[in-house]
Amino acid sequence: MSSIPPDVASQTRPVGVQIDGVTKRFGDATALHEAWLKIGQGEFMTLLGPSGCGKTTLLNLIAGFLEADGGEIFVSGSLMTETPPYDREIGVVFQNYALFPHMSVAKNVGYGLRMRGVPKREIEQRVAEALALVKLAAFGDRKPRQLSGGQQQRVALARALVIRPKVLLLDEPFSALDKNLRGSMQVELKEIQRKLGVTTIFVTHDQSEALSMSDRIAVMSDGRIRQVGTPDEIYRRPLDPFVAAFVGDVNVLPARLERRLGDMATVALGEGRVQVRAETLDGLVPGAAVDLFVRPDAMRFADADGVLAGTVATHVYQGSHVDVLVDVPAARGGRVTVRVPGHEAPGRWPAGAHVSLDFAAGDAVAFASDAK
Amino acid sequence: MRRRLIPARIGERILKVAGWSVVALIVAFIILPAVVVAISAFNDRAILTFPPQSWSLRWFRRAFTYRDFAVGFQNGLIITAFASSIALVVGAGFAFAIDRYSFRGKRALEAMLTSPLVIPHFTIGLGFLILAAQVHATRTFALVIVCHVVLVLPFVMRSVYVSLRNLDGRLELAAASLGARPGMALWTVTLPLLIPGLFSGWLFAAILSFNEFTASLFVTAQATQTLPVAMYNYVREYADPTLAALSVIYIVVTAGLLTLANQFLGLGKVLNVEHAR
């Protein structure tokens with residue numbers, strides 16, 4: 001698979017967290033294969049991947065809850081290998097929040113300050129500030145169980161931030177919230193993070209959450225970092241078929257590499273010819289089988305001379321857009337999704353209509369075919 | 001159609017009544033002995049007949065004033081206090097070790113947790129009596145206490161172990177990330193959350209120890225006899241309702257203590273792994 005060079009993101013800001021070839025094994029299973037990653041100070045980095053991809057393992061290694069089997073982790077330039085979790089100055093928000101059930105909200109938030117021997121007056125003041133930051137100023141005397149899930153979430157965030165951590169780690173913090181609340185918490189977290197400028201590492205399996213919140217995303221699978229980039233790079237220029245398929249919806253069209261010319265390559269899709277970037281086709285010779293990945297929103301209906309022909313099967317109304325499902329014999333799975341803004345698609349392209357499909361040059365990405 | 005509906009409804013009713021009757025019968029059988037004993041305690045006559053012909057509180061007076069009972073009660077308190085407290089410390093240590101670490105003999109310890117009933121009490125009592133005879137310690141409190149510790153240890157371990165299992169490990173990680181050293185995290189987070197489990201373990205140990213008879217019969221002497229042993233000795237000489245009166249006092253006090261404990265600590269939570277959280 002494509003390996004990520006350590007300097008993949010040439011950052012202008014100083015490095016907040018640096019992961020140098022970190023490996024972690026559990027018995028015979030390798031949870032993390034030599035991960036390399038540089039996270040800039042104040043950056044919002046998301047580790048995105050399906051469950052079991054190693055993202056939480058990496059988070060636990062940074063927090064110091066696990067010991068790496070190889071490689072090194074630096075926080076603000078200091079090597080963390082010998083530093084126990086209680087000396088790392090890293091704030092953690094857990095998936096289930098892990099609030100101390102026997103302490104009031106204020107005691108929970110002030111816990112880290114008490115452990116540091118901060119004077120009582122200052123603790124009170126900083127706890128009040130932290131609770132105000134998460135809009136829970138009036139809730140200091142409550143017990144965690146008296147709060148809703150969203151409120152517990154904020155307490156956990158305040159507790160992690162009040163110690164002014166060098167890094168904030170969040171492990172799937174929104175997975176227990178319902179969809180509406182999740183959306184507003186995402187916006188709120190992003191605003192707080194920007195305001196405080198704290199280096200943040202956010203773990204999620206939810207690609208839309210990753211795309212909407214992150215400065216950069218590291219997509220992971222099978223214990224490996226597949227690609228690191230801005231949300232737009234990840235979405236539009238995936239370097240790896242896994243990344244292309246995991247982030248966003250995708251249509252897969254079997255095709256054949258025709259020729260390469262510098263940075264670009266020409267791919268034969270039936271009778272049509274498609275220009276793609278050559279960066280994802282290393283090592284392939286003309287004639288090799290490739291898969292073309294095209295997003296549903298990049299597909300469009302052509303008048304008659306599109307590269308694909310098919311029959312409209314059905315429509316999926318999604319409010320702001322309509323997904324038109326088209327039976328295309330040439331596509332992987334025999335079907336292609338075309339995303340059309342607005343609500344007029346069913347009228348213009350009714351079920352059973354024969355249609356021609358097309359997409360703009362540059363909207364398709366080609367990878368070596370994994371079909372045997 | 002109509003004619004068949006009505007018998008079906010009646011059948012349903014009969015089933016319902018039958019169900020309730022079975023439950024009532026079961027409950028009745030469970031509390032029947034206690035009820036019979038409680039009523040007998042108020043019998044005026046000096047024999048254990050049922051139902052009583054005339055009523056009196058004299059056997060309660062005798063239960064409180066009979067010297068062997070007073071001594072047995074006192075001995076029982078001393079033995080119970082030491083035995084349950086020692087068992088709590090040792091059992092909690094074992095439970096902690098089993099929950100957190102892997103070591104040789106862990107399986108054996110776990111087996112102790114899950115099968116405390118394999119060795120009969122009289123075997124344990126007899127074993128300790130033989131051992132104590134070797135060192136001429138058959139008349140000591142230490143012998144009774146050690147024997148009781150062994151008897152109640154599995155129950156304490158189980159109770160603490162269940163509470164430890166129910167504890168969310170991430171709480172300690174959260175404490176660590178906030179700057180708490182392991183000892184501090186234990187003191188400020190783990191221990192406070194374990195208190196109900198520790199207390200209920202201690203309480204069970206205390207009740208078991210205080211009530212224990214079979215092994216105690218072997219390991220107690222005249223000077224160290226506990227209340228159940230004193231009661232056994234009493235019933236060999238007298239057949240009056242004093243023991244019934246004592247039983248009533250026993251039940252009332254134990255029920256009172258358990259209710260108090262439940263009120264303050266919510267024992268229901270720590271008795272069952274599945275129920276917690």
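# A guided tour of chains A and B

Start by selecting residues 17-247 of chain A, the range that UniProt lists, in an unreviewed entry, as "domain: ABC transporter". Over residues 17-247 of chain A the chain is 36% helix and 27% strand, and the C-alpha atoms at the two ends of that range lie 24 Å apart.

Before going further, keep in mind that this is a predicted model. Colouring by pLDDT is a good next move. Chain A averages 90, with 96% of its residues scoring at least 70. Now select residues 1-11 of chain A, where the pLDDT is below 50. Beyond near neighbours in sequence, residues 1-11 of chain A have 17 contacts in the model.

Switch to chain B, whose mean pLDDT is 85 and where 91% of the residues reach 70 or more. Which helix of chain B has the highest confidence, and which the lowest? Helix α7 (residues 169-177) of chain B is at the top with a mean of 94, while helix α12 (residues 267-270) of chain B is at the bottom with 51. Select residues 270-277 of chain B as well: the pLDDT is below 50 there, and this stretch has 14 contacts in the model beyond near neighbours in sequence. For the complex, the predictor reports an ipTM of 0.83 and a pTM of 0.78.

**Where the chains meet**

Show both chains and select the residues in contact between them: 15 from chain B and 19 from chain A. On the chain B side, α7 and α8 each supply at least two residues. Which element of chain B gives the most to the side that touches chain A? That is α7(B), with six residues. By class, the side of chain B that touches chain A has ten nonpolar, two polar and three charged residues.

**From α7 to α8 in chain B**

Keep α7(B) on screen and add helix α8 (residues 182-211) of chain B; the two axes come within 10 Å and cross at roughly 135°. The two helices are therefore oblique to each other, and α7(B) passes α8(B) in a right-handed crossing. To see the contact, display Leu171(B), Glu172(B), Ala175(B) and Ala176(B) of α7(B), then Ala185(B), Thr188(B), Val189(B) and Thr190(B) of α8(B). The residues of this contact divide into five nonpolar, two polar and one charged.

**From α8 to α3 in chain B**

Stay with α8(B) and select helix α3 (residues 67-100) of chain B. Their axes come within 8 Å and cross at roughly 140°, which makes α3(B) oblique to α8(B). This crossing, too, is right-handed. On α3(B), the contact residues include Gly76(B), Ala83(B), Ala87(B) and Gly91(B); on α8(B), look for Leu198(B), Trp202(B), Ala205(B) and Phe210(B), among others. What classes of residue make up the contact of α3(B) with α8(B)? There are ten nonpolar, six polar and no charged residues.

**From α5 to α6 in chain B**

Next, select helix α5 (residues 121-134) and helix α6 (residues 141-166) of chain B, whose axes come within 10 Å and cross at roughly 145°. α5(B) passes α6(B) in a right-handed crossing. From α5(B), His121(B), Ile124(B), Gly125(B), Phe128(B) and Ala132(B) meet Leu143(B), Val146(B), Cys147(B), Val150(B) and Leu151(B) in α6(B). Colour these by class and you should find eight nonpolar, two polar and no charged residues.

**Annotated regions of chain B**

For the last stop, lay the UniProt record over chain B. An unreviewed entry gives the annotation "transmembrane region" to residues 20-42, 76-97, 117-135, 141-164, 185-207 and 242-261 of chain B. Two of these ranges make handy selections. Residues 20-42 of chain B are 91% helix and 0% strand, with 31 Å between the end C-alpha atoms. Residues 141-164 of chain B are 100% helix and 0% strand, and their end C-alpha atoms are 32 Å apart.

Conventions:
Residues numbered from 1 in each chain as written. Chains lettered and ligands numbered in written order. Predicted model: local features only at pLDDT ≥ 70, side-chain atom pairs only at ≥ 80, totals over all residues. pLDDT = per-residue confidence, 0-100. Helix = DSSP H or I, 4+ residues; strand = E, 2+ residues; numbered from the N terminus. Contact = placed C-beta atoms within 7 Å. Axes fitted to C-alpha atoms, helices over the stretch in contact; angles between N-to-C directions. Parallel < 35°, antiparallel > 145°, perpendicular 65-115°, else oblique. Left-handed = near helix turned anticlockwise from the far one by under 90°. Nonpolar A, V, L, I, M, F, W, Y, C, P; charged D, E, K, R; others polar. UniProt positions renumbered as here; feature names shortened; annotations may be inferred.
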